[in-house]
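The exercises below work from one residue outward to the contact between two chains and then to the fold of one of them. Each task is followed by a solution that proceeds in steps.

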Amino acid sequence: MLLKEVITLNKKEFLNVLKKGLSGLEKEERKDILLDYEIHFAEGIKQGKSEELICEDLGSPKEIGKLYKANILIDEADKNISTDNILKAIMASIGLGIFNIVLVLGPFLGLLGVVIAIFATSIALVTSGVVIFIDSVIMPINFLYLYLPRYLMLNPTISVFLGVSLVMIGVLIFVLGIFLCRWIYHLTVKYLKFNLKMIKGK
Amino acid sequence: MNIQFKKGVLELCVFAILEDGDCYGYELVNKISENITISEGTIYPLLRRLTKEGYFTTYLVESSEGPPRKYYKITDEGLEVYKNLKNQWLSFVEGVNHVIERGDNLE
C-alpha cells in the first residue's frame, strides 16, 4: 500500500517529471507538448476520472519524455547531418531501450572498420603518389631513400605518371569513402526511425 | 496482448481511427485504449511524429467547457500510407492464421 502511494502521481507531479524529461528541447515545442497533456487531464477530469487514475493510464512520464526526445533528436540527425547529431540520436534511442545495442553494435563496428580502412588506403595512396612525384620531378636525387624498383627511378616519365595515378586513385577511393559514410549515416537514421515505430506497450 | 504485437500496430490503429473521421486527442486515446491496453501517454508522441511527417494536420476547436480541443485530420499522403500499412497487416495476419490453422489440424 505504501509502495503504491509512492508511485501514484497527480497531475502536477506528472507534468513536472515530463517537463524535466523534455529539457533541451525548444521552448515552444516543450510548451506545446505539455499543453497536450494538460488538455488530456482536463478532458479526463471532465469525464469524472481522478488525476491519479489518469496518470496511471498515461504511463510513466519519464518514458514519455524520452520518447519525445528520441523522436526529435532522430529528426534532427536526419535533417542536419553531423556526427554529434547522430550520436545524440543513438544515445537517446539506447536510453529508450528500443535500440538493441548487442545486435547492432557488431555490424556497425564492422562497417566503421571498413570505412577507416578505406580512408587509410586512400591517404596512403595519395601520400605515396606525392612522394614519388616529388622524388622524380622536384628532387631527382633519391633523398627520401625510397626503395622503388630501379627502373621506375631511371625513367622519370614513368615515375611522374605513377605518382599522378596513385594520387588520382587515392582521391577516388576517398570520395567513395565519403559516399559510403553518407550511406551508413542514412541507414542508421532509417534504423532508428524504424525502432521508434516499435513503441512500447504497457 | 503480447507487448511485441502491440508495438507496431499502434500506428496502424491511429491511422484507422482517423480515416473514419477527425478526432481530438483524448477521444482518439480512448478509442484505442478501449480495445488495447497501452500506456495512453505514448499515443501523443506518435501523433506529433506523424503530424510532423505530414500524415496528419491539426486544427483547434473551442469547447464549451474546458480548454480548446486539438483535432487531428488525416492528409492524402496519410491515407496513402494507411492503405499500404493496412494491406501489409492484413496479409501478415492472414499468413499467421494459415500457419496456426495448419498447426491445429496436425494435432
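**Exercise 1.** Determine which residues B:Lys52 touches once residues up to four places away in sequence are left out, and decide whether B:Lys52 is buried, partly exposed or exposed.

*Solution.* In this predicted model, B:Lys52 touches A:Glu29, A:Ile72 and A:Asp75 when residues up to four places away in sequence are not counted. The next step is to place the residue in its element, and B:Lys52 turns out to belong to helix 3 of chain B, which covers residues 43-52. For the accessibility, the relative value is 45%, and B:Lys52 therefore counts as partly exposed, since that class lies between the limits of 20% and 50%. As a last step, one may look along the chain to B:Asn97, which is 45 residues away in sequence from B:Lys52 and whose C-alpha atom is separated from that of B:Lys52 by 35 Å.

**Exercise 2.** Describe how A:Glu29 is engaged by side chains of chain B, and then count the salt bridges and polar contacts across the interface.

*Solution.* Beginning with the residue from the first exercise, the side chains of B:Lys52 and A:Glu29 are joined by a polar contact of 3.1 Å. A:Glu29 also forms a salt bridge with B:Arg48, in which the closest N and O atoms are 3.6 Å apart, a distance that falls within the 4 Å cut-off for a salt bridge. Over the whole interface of chain A and chain B, the rule finds six salt bridges, and it finds nine residue pairs in polar contact, both residues being at pLDDT 80 or more.

On the side of chain A that touches chain B, the elements giving two or more residues are helix 3 (27-46), helix 4 (51-58), helix 5 (61-79) and helix 9 (156-197). Helix 3 of chain A gives the most, with eleven residues. Sorted by class, this side of chain A holds twelve nonpolar, six polar and eleven charged residues.

**Exercise 3.** State how much area the two chains bury between them and how many residues each contributes to the contact.

*Solution.* Chain A contributes 29 residues and chain B contributes 28 residues. Between them the chains bury about 2,700 Å², of which 54% is on carbon and sulfur atoms.

**Exercise 4.** Summarise the fold of chain B by its elements, its burial and its contacts.

*Solution.* Chain B has four helices and three strands, arranged along the sequence in the pattern α-β-α-α-β-β-α. Of its 107 residues, 39% are buried. Among contacts in chain B with a separation of 6 or more, 49% come from residues 24 or more positions apart.

Definitions and conventions:
Residues numbered from 1 in each chain as written. Chains lettered and ligands numbered in written order. Predicted model: local features only at pLDDT ≥ 70, side-chain atom pairs only at ≥ 80, totals over all residues. Heavy atoms only, no water. Contact = heavy atoms within 4.5 Å. Buried area = accessible area lost by both parts, 1.4 Å probe. Polar contact = N/O pair within 3.5 Å; in protein donor to acceptor, adjacent residues only side chain to side chain. Nonpolar A, V, L, I, M, F, W, Y, C, P; charged D, E, K, R; others polar. Buried < 20%, exposed > 50% of the residue type's maximum accessible area, 1.4 Å probe, protein only.
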